[in-house]
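Q: Please take a close look at one part of this structure for me: the place where the two chains meet. I am new to it, so go step by step.

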2 protein chains.
Amino acid sequence: MSGDSQSTTIADAARRETDAPSSKLAKFDARAPLTLDSGATLGPWQIAYETYGTLNAGKTNAVLVCHALTGDQYVASTNPLTGKPGWWSKMVGPGRPIDTDVYFVICANVLGGCLGTTGPATTNPETGMPYGLSLPVITIRDMVRAQARLVDHLGIDTLFAVAGGSMGGMQVLQWAASFPERVFSAIPIATSARHSSQNIAFHEVGRQAIMADPNWAGGAYLTKDLRPTKGLAVARMAAHITYMSDESLHQKFGRNLQDREDLTFGFDADFQIESYLRHQGMTFVDRFDANSYLYVTRAMDYFDLAGEFDGQLARAFQGTKTRFCIMSFTSDWLFPTAESRAVVKALNAAAANVSFVEVDSDRGHDAFLLDVPEMFRTVRGFVTGAAKARGIPAPGGRD
Amino acid sequence: MSGDSQSTTIADAARRETDAPSSKLAKFDARAPLTLDSGATLGPWQIAYETYGTLNAGKTNAVLVCHALTGDQYVASTNPLTGKPGWWSKMVGPGRPIDTDVYFVICANVLGGCLGTTGPATTNPETGMPYGLSLPVITIRDMVRAQARLVDHLGIDTLFAVAGGSMGGMQVLQWAASFPERVFSAIPIATSARHSSQNIAFHEVGRQAIMADPNWAGGAYLTKDLRPTKGLAVARMAAHITYMSDESLHQKFGRNLQDREDLTFGFDADFQIESYLRHQGMTFVDRFDANSYLYVTRAMDYFDLAGEFDGQLARAFQGTKTRFCIMSFTSDWLFPTAESRAVVKALNAAAANVSFVEVDSDRGHDAFLLDVPEMFRTVRGFVTGAAKARGIPAPGGRD
């Protein structure tokens, strides 16, 4: 399905560039380790990031954007590995709802990722070999801790906004709970305060698909010049279905056949949806590391924000002054509106400043990445209002 | 995940018993081949089946039950391979809604299956080796053709009822369309007249998981003493999630941990849902053949009843005298109620005799296999009414 699993992939090239990536790097040596939720410490470590726009003199206009499971730091600029535009370039950029003519936008690759930030493909300084499964398991809070260190490194005290969808939204909620005084406004989209049983189940299928691939080699494939591309592709295919809605699959593909007039009575990709999914799987393995997939899915599974607060989500936000803009999508069955409502309920119980919008869309969970005008209008309006409250000047000619 | 993939499984034992299974067998020699939708002919071929109750003198009380994707002919008796009770023993049996004190119930393993009926593990008489992928692709209509031959073989002209859920329901609809004069009543449950894009997608993930397993060996694993157990287990895990609802997973497992107090910060099955899914995968490979999984999922994907009738589903039922009882479940997202409504709409357009019930259940697609009283009451009422119309005496003391 995925070609020669031992061939060099784009992700390999990225790994080779770890010490000289195209992204900016913040490096922390062993004297500045990161203490993780597991109790382990990680150091030296590094975080790769991109920035857009200019930090103002008062350092009041910084926006942190957090990426989703397979996202990256290239939120508003071309991903050098894939050549594709930034994954949220309709949301972030000059004149966009998060306007880089006004705000200084930071986006970092998550801890455990594979695009420059320390992850399982990083060389373990103690062994001189890639960490593989010897990297401690990472949590969403660990990702946020690493980002906070980056924000410190940039000399920024308070973020004007933290925004993100899906796993990015989990990080937004964690930021608001862990560092309430550092988050002026928060925009968690299509997310949840805890990963559901069904979502853990889908992640477990993906992990088992990777681990079932003999080329995974117990996680040590990099040292053996192997790549579990088939298992990773299956994991991606399964996940990809959950990002779309039944309705959008029906509209986009239905039962249409792929480049043929009739059924072939075989196991080739007769249907367009099969061909599409196979393509999703095949291209994914070129840009993502299999062990990172294990680590980042695990971080999402472990996420249960109320768990830090005796099971009471409202306590996570007690006394918060952060302004929240919560958004969900009607056809998102991976992070359904009920999950957002639970967050809104907790925020209301904490007497927080919260707006909630359920956006009508038939595009499923992926809607947060797509061209959904109501989402853009909502974010633009919320950000503009928050900027006024924060005393950040509006861009010339726009409001 | 699934132990030694080269070990002998229960399914292997079943294959060895092909010539002397515990089930009844109807064998058809090469002079009585089955002509398939693909254009291929299959012969010799055989069909394994179970019966319950007694055929009356007028042969008016025969009920055919059709099984789902991974079901079998043991609808109301212990499956000799697993030792588990019949898969629909709450629906079919003495005093049950399909009452074996009154009706003669037939249930056959589907064509392409792995419990005695000709399938990919059957020896190809031309080569002396298992068919593997040289077996022609099978359709739902082919399964029904094979069942019709069995019904002929049993000397039965008209079936009092044909009943089944999921893929079993597809066969019920096909029976009603292909042999309307032979079906007095039809009970398709939790099914659809065509497999949706999303459902094809999930099947494709399962097939790719199997094919990604090097032990699948291009489908020739039986001749090489290999078994693609890891790939098949992943396929089952992915499918199993789709059989349950988000709500039932939440109620049954939530985020509960498995035999531990705290997260382990590793990749073992920390959560009960992970442990449960792994168990589902591991036990499945003992009772099911990987190539059969490919063939039977393909048959479902290919199912599009309207396709035989210029895309007009109503024409599939034009002039039918069959009485229909259509049932769906509120939380079934694999075969949602909208699919059943489309069938009801077509039946109404054909002026057919149709009852439709959407049963309130939070158990997802699996509800049709579970203890759902409203389903049993509905089937009992429908069957009793149809029996009166057919002139079949009610059992003593019951109505």
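**Where chain B meets chain A**

A: In this predicted model, chain B and chain A bury about 4700 Å² between them. Carbon and sulfur atoms give 68% of that area. Three residues stand out on the chain B side: Arg255(B), Phe265(B) and Phe267(B). They supply 18% of the area that chain B buries against chain A, more than any other three residues.

Next, the contacts. On chain B, 55 residues are in contact with 55 residues of chain A. Between the chains there are 10 salt bridges. One salt bridge joins the side chains of Glu274(B) and Arg298(A), with N to O at 2.7 Å. The count of residue pairs in polar contact between chain B and chain A is 28.

Now the helices. Five helices of chain B each supply at least two residues of the side that touches chain A: H4 (197-212), H5 (229-243), H6 (246-252), H7 (272-287) and H8 (290-302). H4(B) gives the most, with 12 residues. By kind, the residues on this side of chain B divide into 29 nonpolar, 14 charged and 12 polar.

Last, the symmetry. A turn of 180 degrees, with a shift of 0.0 Å along the axis, lays chain B on chain A with an RMSD of 0.0 Å. The two copies are therefore related as by a two-fold rotation axis. The same surface serves both copies. Of the contact residues of chain B, 100% recur in chain A.

Note on methods: Residues numbered from 1 in each chain as written. Chains lettered and ligands numbered in written order. Predicted model: local features only at pLDDT ≥ 70, side-chain atom pairs only at ≥ 80, totals over all residues. Heavy atoms only, no water. Contact = heavy atoms within 4.5 Å. Buried area = accessible area lost by both parts, 1.4 Å probe. Salt bridge = Lys/Arg side-chain N within 4 Å of Asp/Glu carboxyl O. Polar contact = N/O pair within 3.5 Å; in protein donor to acceptor, adjacent residues only side chain to side chain. Helix = DSSP H or I, 4+ residues; strand = E, 2+ residues; numbered from the N terminus. Nonpolar A, V, L, I, M, F, W, Y, C, P; charged D, E, K, R; others polar. Least-squares fit on C-alpha atoms with pLDDT ≥ 70 in both.
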